[in-house]
Structures are given as C-alpha cells and as structure tokens.
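Reader: I'm in my first year and I'd like a close look at just one part of this protein. Could you walk me through the strand in the middle of it all, and then through what surrounds it?

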Amino acid sequence: MRIAVHGASGFTGSLVVTELVRRGFTPVLVGRDETRLRAVAARAAIPDPQIRVARLDDIDALAAALADTDAVINTAGPFTRWGEPVVRAA
Ligand SMILES: NC(=O)c1ccc[n+]([C@@H]2O[C@H](COP(=O)([O-])OP(=O)(O)OC[C@H]3O[C@@H](n4cnc5c(N)ncnc54)[C@H](OP(=O)(O)O)[C@@H]3O)[C@@H](O)[C@H]2O)c1
C-alpha cells in the first residue's frame, strides 16, 4: 500500500512518516519544500525516499503527486484553509 503524507515536513507530518516507516511502509513525502522533505526522510532513515514537490495552489501538480497513491494523510494545516485542495487533488 502506497501512502502519501502531505505536509510531511512539519512536526505532525514527520511523526506520521516515522510511524509509517516503523510499521513497514515506505511513505511518499509530499510538500512544497524539497529540502525540508529530504531532511525528514533522512531522519526517518528511509533509504530510497519518494519525495514529491507540489504547491497547494497548483492542483495539477498536487494531483500528479498523489495519482498513484492508495491513501493520503494530510498534516498541513490549518485544515480549514489548506485541507480542501488536498482533498480535491486526491
Ligand atoms: N502540533 C500539534 O500539537 C497540533 C495539535 C492540534 C492541531 N494541530 C494542527 O495540525 C496542523 C499541523 O501542525 P504542525 O504542528 O505539524 O505544524 P507545522 O510543524 O508548522 O507543519 C505545518 C506543515 O504544513 C505545511 N504548510 C503550511 N502551510 C502551507 C502552505 N501554504 N502550502 C504548503 N504546505 C504548507 C508546512 O510546510 P513547510 O515545511 O514547507 O513550511 C508543514 O509541512 C496545524 O494546522 C495545527 O494547527 C497541531
């Protein structure tokens, strides 16, 4: 199962990434800042991380980043403001 974590670079997102790795998943890290996403992947010791950069106002890029995933966990908030684009893209 391929699980995307949008907002993986944040506090909550990095905890989710770490827990998914602990459970044997290789999460797809999605967000706007590649450097920060790579840092989270390194901290979680993901050997071949899947990093996808997409901004929230670029719905096509966001949809492409999520296209082959089975589930999406969105941790980029506030959710009333940033939640809808992720839901729509998914
Ligand atoms: N931490 C808690 O204990 C807690 C408790 C209850 C609720 N919450 C809620 O949960 C959400 C996440 O909390 P957090 O503590 O994990 O926050 P955080 O560490 O500040 O992380 C926020 C994440 O959202 C991303 N983000 C924010 N604005 C964005 C935008 N315009 N476009 C794309 N990405 C954006 C950030 O990306 P960058 O890294 O690129 O900036 C980062 O990945 C917040 O809404 C917060 O209110 C948190």
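Author: Let's start with a pair of residues: Val28 sits opposite Gln50 in β3. Keep in mind that this is a predicted model. Val28 belongs to strand β2, which covers residues 28-31 and runs parallel to β3, with four bridges joining the two. A little further on, you'll find Val30 opposite Arg52, again in β3.

How does the chain get from β2 to β3? It crosses through α2, and this β-α-β crossover is right-handed.

Now turn to β1, residues 3-6. This strand pairs with β2 over three bridges, also in the parallel sense. Here Val28 turns up again, since Ala4 stands opposite Val28 in β2. The route from β1 to β2 goes through α1, and that β-α-β crossover is right-handed too.

So which residues of β2 point to which side? Val28 and Val30 are on one side, with Leu29 and Gly31 on the other. All four are buried, and both faces of the strand are covered. There's a handy general rule to go with that: in a regular strand, side chains alternate between the two faces of the sheet.

Next, follow the chain out of α2 (34-43) towards β3 (50-53). The loop between them holds Asp48, and Ala45 has its place in that loop as well. Are these two buried or exposed? Asp48 has a relative accessible area of 63%, so it is exposed. Ala45 comes out at 61%, so it counts as exposed as well; the cut-off here is over 50%. Ala45 has a quirk in its backbone: its phi is positive, about 55°, although Ala45 is not a glycine. As for Asp48, try finding Phe79 from there: the two are 31 residues apart along the chain, and their C-alpha atoms are separated by 29 Å.

Compare that with two threonines further along the chain. Thr69 is in the loop between α3 (59-66) and β4 (71-74). Its relative accessibility is 14%, and because buried means under 20%, Thr69 counts as buried. A polar atom of the Thr69 side chain lies 2.6 Å from the backbone oxygen of Leu66. Thr75 lies in the loop between β4 and α4. With a relative accessibility of 15%, Thr75 is buried too. Its side chain reaches the backbone oxygen of Gly7 at 3.0 Å.

Stay in the loop between β4 and α4 for a moment, as Pro78 is found there. What kind of peptide bond joins Gly77 and Pro78? It is a cis bond, with omega at about 5°.

Pro78 also brings us to the ligand. A backbone N or O atom of Pro78 is 3.5 Å from one of the ligand's oxygen atoms. Two other contacts are worth finding on your screen. A polar backbone atom of Thr12 lies 2.7 Å from an oxygen atom of the ligand, and an N or O atom in the side chain of Arg36 is 2.6 Å from a ligand oxygen. How much of the ligand does the protein cover? On its own the ligand has 900 Å² of accessible area, and the protein covers 59% of that. The elements that give two or more residues to the shell around the ligand are α1 (11-22) and α4 (79-89).

There are 15 residues around the ligand, and those that come nearest are Ser9, Phe11, Thr12, Arg32 and Arg36. What's the mix in this shell? Six of its residues are nonpolar, six are polar and three are charged.

One last stop takes you back towards the strands. Ala89 is in helix α4. With 13% relative accessibility, Ala89 counts as buried. Although Ala89 and Val5 are 84 residues apart along the chain, their C-alpha atoms are separated by 13 Å.

If you'd like to retrace the walk, go back to β2. Its partners are β3, joined to it by four bridges, and β1, which pairs with it over three. Then look at Val28 once more: Gln50 is opposite it in β3, Ala4 stands opposite it from β1's side of the pairing, and Val28 itself is among the buried residues of β2.

How values were computed:
Residues numbered from 1 in each chain as written. Predicted model: local features only at pLDDT ≥ 70, side-chain atom pairs only at ≥ 80, totals over all residues. Heavy atoms only, no water. Buried < 20%, exposed > 50% of the residue type's maximum accessible area, 1.4 Å probe, protein only. Pairing = 2+ DSSP bridges. Right-handed = clockwise from strand over helix to strand, strands pointing away. Near = heavy atom within 4 Å. Polar contact = N/O pair within 3.5 Å; in protein donor to acceptor, adjacent residues only side chain to side chain. Areas by Shrake-Rupley, 256 points an atom, 1.4 Å probe, with all protein chains shown as cover. Nonpolar A, V, L, I, M, F, W, Y, C, P; charged D, E, K, R; others polar.
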